[in-house]
Amino acid sequence: MSESPGAPVLRMESVRKTFGGSVVLRDVCLEVAPHTVTALIGASGSGKSTLLRCANLLEEIDDGAIWLDGEEITDPRADQDAVRRRIGVVFQAYNLFPHMTVLENITLAPRRVHGVPRAQAEERARELLERLGLGDKAGAYPDRLSGGQQQRVAIVRALAVRPRLLLLDEITAALDPELVGEVLAVVRDLKDDGMTMVLATHEMGFAREVADQVCFLDGGVVLERGTAEQVFGDPRQERTRRFLRRIV
Ligand code: ADP
Ligand code: MG
């Protein structure tokens, strides 16, 4: 099932998504190459979260198609659970289970969904915690951690199943400003490790630094797409310029 090297990990073609009568994604095309970072930028309500949720099959699309590693995952015959197991997702709110320790939070999916034996799941979890500077937090409950630590645990949890693709939806938006840096540093490390990621973010400086590809969404349309240098340095569209002037 694995594709030739360089083939896109994620591909969206002419994706359309409506809620009720309103079109939220219109003719969205996206290609995410292996080991690259794609940043989705755009105002609130422009469709960034919906795009990520469609990519993870949390939302059903109205038209178009989506491929993961060359397999059409929007084909009705696709095994949706198997697809979701190959995609890690981290949302704005950490969504850790409060009654479980950090280690239990992280090993839940590998054990229950992927059938990994406990010892092996815990070993992998401890390895990742160590890597993300949380080696001493395995036994802690989420409410004893700072927001930044909780979000890093959420990232570890997403990585625990060795996803092919990581989707990050405004993962620093709920954090106090002084905690944003430690979470962004993790994303930077993952990029250096070659993880393929698509992230929605309002951190423009970070997007510019880390993204290989930037997509500016406006009213559900990918209005502009290019390298970070091009989109931030020399935007082609007046609307992109206006958005960047407002936010940077
Ligand atoms: P962003 O993440 O860029 O802020 P969203 O993808 O959350 O944008 O939302 C895009 C549009 O879709 C918004 O107008 C929002 O109100 C609408 N929307 C998102 N989710 C739903 C839903 N479940 N039901 C109805 N409308 C929705
Ligand atoms: Mg959003």
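## Briefing: a sheet, a ligand shell and a helix face

With 14 C-beta neighbours inside 10 Å, aspartate 62 counts as partly exposed, because buried would take 20 or more and exposed 12 or fewer. That residue is a handy way into this structure, which is a predicted model. From there, the tour below goes through an open sheet of 4 strands, the residues around ligand 1, and helix α4 with the helices that its buried residues pack against.

**Around aspartate 62**

- Aspartate 62 lies in the loop that connects α1 and β4.
- Leaving aside residues up to four places away in sequence, its contacts are Arg16, Lys17 and Thr18.
- Threonine 18 is 44 residues from aspartate 62 in sequence, yet their C-alpha atoms are 6.7 Å apart in space.

**The open sheet**

- The 4 strands come in the order β2-β1-β4-β5, and their pairing is antiparallel.
- β2 (22–32) and β5 (71–72) are the edge strands: each has a single partner strand, so one side of each is left without a neighbour in the sheet.
- Strand β1 (residues 10–19) and strand β4 (residues 63–68) run antiparallel and are joined by 5 bridges.
- If you would like a cross-strand pair to look at, arginine 11 stands opposite tryptophan 67 in β4.

**The shell around ligand 1**

- Which residues surround ligand 1? They are Phe19, Val24, Gly42, Ser44, Gly45, Ser46, Gly47, Lys48, Ser49, Thr50 and Ala200.
- Sorted by class, this shell holds 3 nonpolar, 7 polar and 1 charged residues.
- Helix α1 (residues 48–55) is the element that gives the most to the shell, with 3 residues.

**Helix α4 and its partners**

- Helix α4 (residues 118–131) has 14 residues, which at 1.5 Å a residue should span 20 Å; the C-alpha atoms at its ends are 20 Å apart, so the two values agree.
- Seen down the axis of α4, the buried residues fall within an arc of 100°, so they line one face of the helix.
- Those buried residues are Ala121, Ala125, Leu128 and Leu129.
- The general background is helpful here: an α-helix has 3.6 residues a turn, so residues three or four places apart point the same way.
- Ala119 and Gln120, on the other side of α4, are exposed.
- What do the buried residues of α4 pack against? Their partners are α3 (102–112) and α5 (147–159).
- Looking from α3, the buried residues are Val102, Asn105, Ile106, Thr107 and Pro110, and what covers them includes α4 and α5.
- Just after α4 comes glycine 133, with a positive phi of about 75°.

**Positive phi outside glycine**

- As a rule, most residues other than glycine have a negative phi.
- Aspartate 27 has a positive phi, near 55°, and its place is in strand β2.
- Aspartate 27 has 14 C-beta neighbours inside 10 Å, so this residue counts as partly exposed.
- Leucine 57 also has a positive phi, near 60°, and sits in the loop between α1 and β4.
- Is leucine 57 buried or exposed? Neither label fits: 18 other C-beta atoms lie within 10 Å, and because buried calls for 20 or more and exposed for 12 or fewer, leucine 57 is partly exposed.

Notes: Residues numbered from 1 in each chain as written. Chains lettered and ligands numbered in written order. Predicted model: local features only at pLDDT ≥ 70, side-chain atom pairs only at ≥ 80, totals over all residues. Pairing = 2+ DSSP bridges. Helix = DSSP H or I, 4+ residues; strand = E, 2+ residues; numbered from the N terminus. Expected span 1.5 Å × (residues − 1). Arc of directions from axis to C-beta. Contact = placed C-beta atoms within 7 Å. Near = placed C-beta within 6 Å. Nonpolar A, V, L, I, M, F, W, Y, C, P; charged D, E, K, R; others polar.
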